[in-house]
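Colleague: Could you walk me through a few spots in this model? I have the sequence and structure open.

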Amino acid sequence: MGFFSKDETRTYEVAGKRLKCVVCQHEEFEERHAQLNTAISTLLNFDWADTEATCLVCDNCDYAHWFLPR
């Protein structure tokens, strides 16, 4: 996998419905993960302990849909 290559895209379901991009209505997404850093954990150098969100990035327009863990 090269530096500029895209990860695999696929369709996803959220709450029992097929996810569509809110911007362009495309149905294929690339899954990524993003750390939700807080000011205090950054100050104390504990960023690694913060919660991680799942981002589904539209394969067509690159809009990122964020999903927090339950």
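Colleague: Happy to start with a loop. Is Ala15 buried or exposed?

Modeller: One note to begin with: this is a predicted model, where local features need pLDDT of at least 70, side-chain atom pairs count only at pLDDT 80 or more, and totals for chains, interfaces and linings use all residues. Residues are numbered from 1 along each chain as its sequence is written, and side-chain values use heavy atoms, with hydrogens and water left out. Buried means under 20% relative accessible area, exposed over 50%, and partly exposed in between (1.4 Å probe, protein chains only). Ala15 has 81% relative accessibility, so it counts as exposed.

Colleague: Thanks! What is the phi of Ala15?

Modeller: Ala15 sits in the loop between strand E2 (13-14) and strand E3 (17-18); strands are DSSP runs of at least two residues, numbered from the N terminus. Most residues other than glycine have a negative phi. Ala15 is not a glycine, yet its phi is positive, at about 55 degrees.

Colleague: And what is the phi of Asp62?

Modeller: Asp62 is in the loop between E5 and E6. With 52% relative accessibility, Asp62 counts as exposed. Although Asp62 is not a glycine either, its phi is positive, at about 70 degrees.

Colleague: Which residues make the nonpolar surface patch with Tyr63?

Modeller: Tyr63 lies in the loop between strand E5 (52-58) and strand E6 (64-67), and it counts as partly exposed because its relative accessibility is 39%. Patches are made of residues with over 30% relative accessible area and no salt bridge (a side-chain nitrogen of Lys or Arg within 4 Å of a carboxyl oxygen of Asp or Glu), and nonpolar side chains (Val, Leu, Ile, Met, Phe, Trp, Tyr) are joined within 5 Å. The patch covers about 290 Å², and the partners of Tyr63 in it are Val22 and Val23.

Colleague: Lovely. With which side chain does the side chain of Glu30 make a polar contact?

Modeller: Glu30 belongs to strand E4 (residues 29-35) and is buried, because its relative accessible area is 7%. A polar contact is a pair of N or O atoms within 3.5 Å; within protein, one must be able to donate a hydrogen and the other to accept it, and residues adjacent in sequence count only if both atoms are side-chain atoms. At 3.1 Å, the partner of the Glu30 side chain is that of Arg32.

Colleague: Last one: how far apart in space are Thr9 and Asp59?

Modeller: Thr9 is in strand E1 (residues 9-10). In sequence, Thr9 and Asp59 are 50 residues apart. C-alpha to C-alpha, their separation in space is 7.0 Å.

Technical notes: Patch = residues over 30% accessible without salt bridge, like charges linked within 9 Å, V, L, I, M, F, W, Y side chains within 5 Å. Areas by Shrake-Rupley, 256 points an atom, 1.4 Å probe, with all protein chains shown as cover. Helix = DSSP H or I, 4+ residues; strand = E, 2+ residues; numbered from the N terminus.
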